[in-house]
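Subject: The structure I promised you

Hello,

Here is the structure I said I would pass on, followed by my notes on what I found in it. I hope they help you find your way around.

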Amino acid sequence: KGVKQPVTDVATIFVSPRFEPFQKEEVRLAVHHAIDKKTIVDKVLLGFGIPVSTTEAPLYDAHTDFNFPFDADRARQLLAKAGYSRSNPLRLKAMTTKGVRTKDFEVMTAITQMWRDVGIEAELEIVTIPQWFQHRNAKTVAPLSFYFWSNATGDPINSVGFMTRNKGPFKVWESPDVDPKVDPIFTEIDERKRIAAAKEAARYVVERGYIIPLYQVVM
């Protein structure tokens, strides 16, 4: 019989600090508010996904019930505050894989339509995983880039820790306020305090628009 089971991959959109408009927090948050994750899971993935609002998927050690809402009106308001609208859209590139995971390209195609509805015109660029890493290392990654992050242990070190820590090898966003939030995940010896700090950090980086978690993959 067929069995559906979540795995440890989380579909994520990384936000590049080198795209000048993203220096404004309202622009970063508008990108996230415009995405209807439930519709993506239901209509594009046919139920093979679990919408998430932080880097910590269900069953991860630092998972919480925090919800970052889909709110197209809020996205339009934030963009308007930054000087953008459907008649004067925010134009950017977004990197995506095609065929690395089921429906990855189709997911990003659907998201670009959601962005268009609020005043964001995104041009998709198809890359392979090795190309994505090359761009990341060269600091030439697109303003937005789609990537599947795995955390086989469920420990926040291997999710929000390495994903966002400025000192780490995998970070994309660079901001001095992040490391004080993330460092305790690596250094706190009291496990309850460490996980509590991880939950706070995972929520913080999303609320500031530094990273956009989409859904946990279901196989």
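A good place to begin is Val10, which stands opposite Gln216 in β6. Please keep in mind that this is a predicted model.

The strand pair behind that first contact is β1, residues 6–15, and β6, residues 211–218. The two run antiparallel and are joined by six bridges. Another bridge in β6 is worth picking out: Ile212 is the partner of Ile13.

Strand β1 also pairs with β5, again in the antiparallel sense, and here there are seven bridges. If you look for Asp9, you will see that Ser150 in β5 stands opposite.

How enclosed is β1 by the rest of the structure? Seven of its ten residues are buried, so β1 is largely enclosed.

The whole sheet

Now zoom out a little. Six strands make up an open sheet with mixed pairing, and their order is β2-β6-β1-β5-β3-β4. At the edges are β2 (49–51) and β4 (120–126), each of which pairs on one side only. On average, neighbouring strands in this sheet are turned by 30° against each other, with direction ignored. As a general point for reading the picture, side chains in a regular strand alternate between the two faces of the sheet.

Helices on the sheet

Two helices that pack on the sheet are easy to follow by eye. Helix α1, residues 25–33, touches β1, β3 (90–96), β4, β5 (144–150) and β6. The direction of α1 makes about 25° with that of β6. Helix α5, residues 129–138, also packs on the sheet, where it touches β1, β3, β4 and β5. The direction of α5 makes about 115° with that of β5.

Helices against helices

In general, two packed helices are described by the angle between their axes and the distance between the axes. I looked at two such pairs.

The pair I would show you to start with is α2 (residues 37–44) with α4 (residues 104–118). Their axes come within 11 Å and cross at roughly 135°. That angle is neither over 145 degrees nor between 65 and 115, so α2 and α4 are oblique to each other. Their crossing is right-handed. From α2, the residues Thr39, Ile40 and Val44 take part, and they meet Glu106, Val107, Ala110, Ile111 and Met114 in α4. By class, the contact of α2 with α4 has six nonpolar residues, one polar and one charged.

The other pair is α7 (179–187) with α8 (residues 191–207). These helices pack at an angle of about 150°, and their axes are 8 Å apart. Are they roughly parallel or roughly antiparallel? Angles over 145 degrees count as roughly antiparallel, and α7 and α8 are therefore roughly antiparallel to each other. The crossing of α7 with α8 is left-handed. On the α7 side you will find Lys181, Val182, Pro184 and Ile185, which meet Arg194, Ala197, Ala198, Glu200, Ala201 and Tyr204 in α8. This contact of α7 with α8 has seven nonpolar residues, three charged and no polar ones.

Three single residues to look up

Ser175 sits in the loop between α6 (160–164) and α7. Is Ser175 buried or exposed? Its relative accessibility is 11%, so Ser175 counts as buried. Leaving out residues up to four places away in sequence, Ser175 touches Asn166 and Tyr210. From Ser175 to Val141 the C-alpha distance is 17 Å, with their positions 34 residues apart in sequence.

Leu46 is found in the loop between α2 and β2. With 61% relative accessibility, Leu46 counts as exposed. The C-alpha atoms of Leu46 and Val141 are separated by 30 Å, and these residues are 95 residues apart along the chain.

Gln77 belongs to helix α3, residues 72–81. Its relative accessible area is 48%, so Gln77 is partly exposed. Along the chain, Gln77 and Ala30 are 47 residues apart, while their C-alpha atoms are separated by 8.2 Å.

If you would like a route for your own look, begin with Val10 and Gln216, follow the strand order through the sheet, and then turn to the contact of α7 with α8. Do write back with any questions.

Best wishes

Key: Residues numbered from 1 in each chain as written. Predicted model: local features only at pLDDT ≥ 70, side-chain atom pairs only at ≥ 80, totals over all residues. Heavy atoms only, no water. Axes fitted to C-alpha atoms, helices over the stretch in contact; angles between N-to-C directions. Helix = DSSP H or I, 4+ residues; strand = E, 2+ residues; numbered from the N terminus. Parallel < 35°, antiparallel > 145°, perpendicular 65-115°, else oblique. Left-handed = near helix turned anticlockwise from the far one by under 90°. Contact = heavy atoms within 4.5 Å. Nonpolar A, V, L, I, M, F, W, Y, C, P; charged D, E, K, R; others polar. Pairing = 2+ DSSP bridges. Buried < 20%, exposed > 50% of the residue type's maximum accessible area, 1.4 Å probe, protein only.
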